[in-house]
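The following paragraphs lead the reader through one protein model, from its overall layout to individual residues. Please consult the sequence and the coordinates alongside the text.

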Amino acid sequence: MDFRARKYSQAAIGYLVYGVIYLTGAIYLGRIGKGPDGTVWWYLIGAAMAFGFPCLIWNRFKWVTRILAVLVLVRVIGLVRIAVRAGTEPVPLPWGGEIATSHGAIVFMLIAVTTCILLARAGWQRSPAAT
């Protein structure tokens with residue numbers, strides 16, 4: 001596997017992990033009443049994105065990869081805003097205990113930042129002719 005293909009495959013796997021974690025978190029928060037009230041269609045669309053976009057990234061669709069990198073960066077900014085907001089209430093964890101909303105946002109933000117870096121590395125890499 002050449003170097004360019006490796007970056008795209010890493011970005012695809014990273015986005016798949018990001019999508020599954022994000023979808024799982026959204027479903028959980030929706031079920032406990034802390035997230036948006038999504039219909040089954042909302043979650044099906046989310047699942048299609050979580051599993052469909054990695055296929056496009058894997059197949060080296062450069063502009064899809066670039067657009068996703070920018071959209072994930074926008075999500076990181078939103079998560080930073082949640083993390084710095086004062087007075088957020090705790091969220092119960094599925095295995096017991098609870099976590100402050102700001103701390104949960106930081107965890108999701110770190111996952112999103114990693115995904116954004118992987119997408120940007122793949123989407124904006126130089127072509128071999130340009131080096």
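Two residues are said to be in contact when heavy atoms lie within 4.5 Å. On that basis, serine 102 touches Ile82, Ala83 and Thr88, leaving aside residues up to four places away in sequence. This serine belongs to helix H4. Its relative accessible area is 14%, and because the limit for a buried residue is under 20%, serine 102 counts as buried.

The model as a whole is a predicted one. The protein contains four helices and two strands, and their order along the sequence is α-α-α-β-β-α. The C-alpha trace extends over about 55 × 30 × 25 Å along its principal axes. Of the contacts with a separation of 6 or more, 71% are made by residues 24 or more positions apart.

Helix H2, which runs over residues 40-58, allows a check of geometry. The expected span is 1.5 Å times one less than the number of residues, so the 19 residues of H2 should cover 27 Å. The end C-alpha atoms of H2 are 27 Å apart, in agreement with that expectation. Within H2, the residues Tyr43, Ala47, Ala50, Pro54 and Ile57 are buried. The cover over the buried residues of H2 includes helix H1 (3-31), helix H3 (62-84) and helix H4 (101-123). Just after H2, arginine 60 adopts a positive phi of about 65°.

The cysteines may be considered next. Cysteine 55 has a relative accessible area of 45%; since partly exposed residues fall between 20% and 50%, cysteine 55 is partly exposed. Cysteine 116, in contrast, is buried, with a relative accessible area of 13%. A disulfide requires a pair of cysteine sulfur atoms within 2.5 Å, and by this rule the count is zero.

The surface and the charges complete the account. Buried residues make up 31% of the 131 residues in the protein. The protein exposes about 8,400 Å², of which carbon and sulfur atoms supply 70%. Its side chains include 13 positive and 4 negative ones. The centres of these two sets of charges lie 18 Å apart.

Technical notes. Residues numbered from 1 in each chain as written. Predicted model: local features only at pLDDT ≥ 70, side-chain atom pairs only at ≥ 80, totals over all residues. Heavy atoms only, no water. Buried < 20%, exposed > 50% of the residue type's maximum accessible area, 1.4 Å probe, protein only. Areas by Shrake-Rupley, 256 points an atom, 1.4 Å probe, with all protein chains shown as cover. Lys, Arg positive; Asp, Glu negative; His and termini not counted. Charge placed at Lys NZ, Arg CZ, Asp CG, Glu CD.
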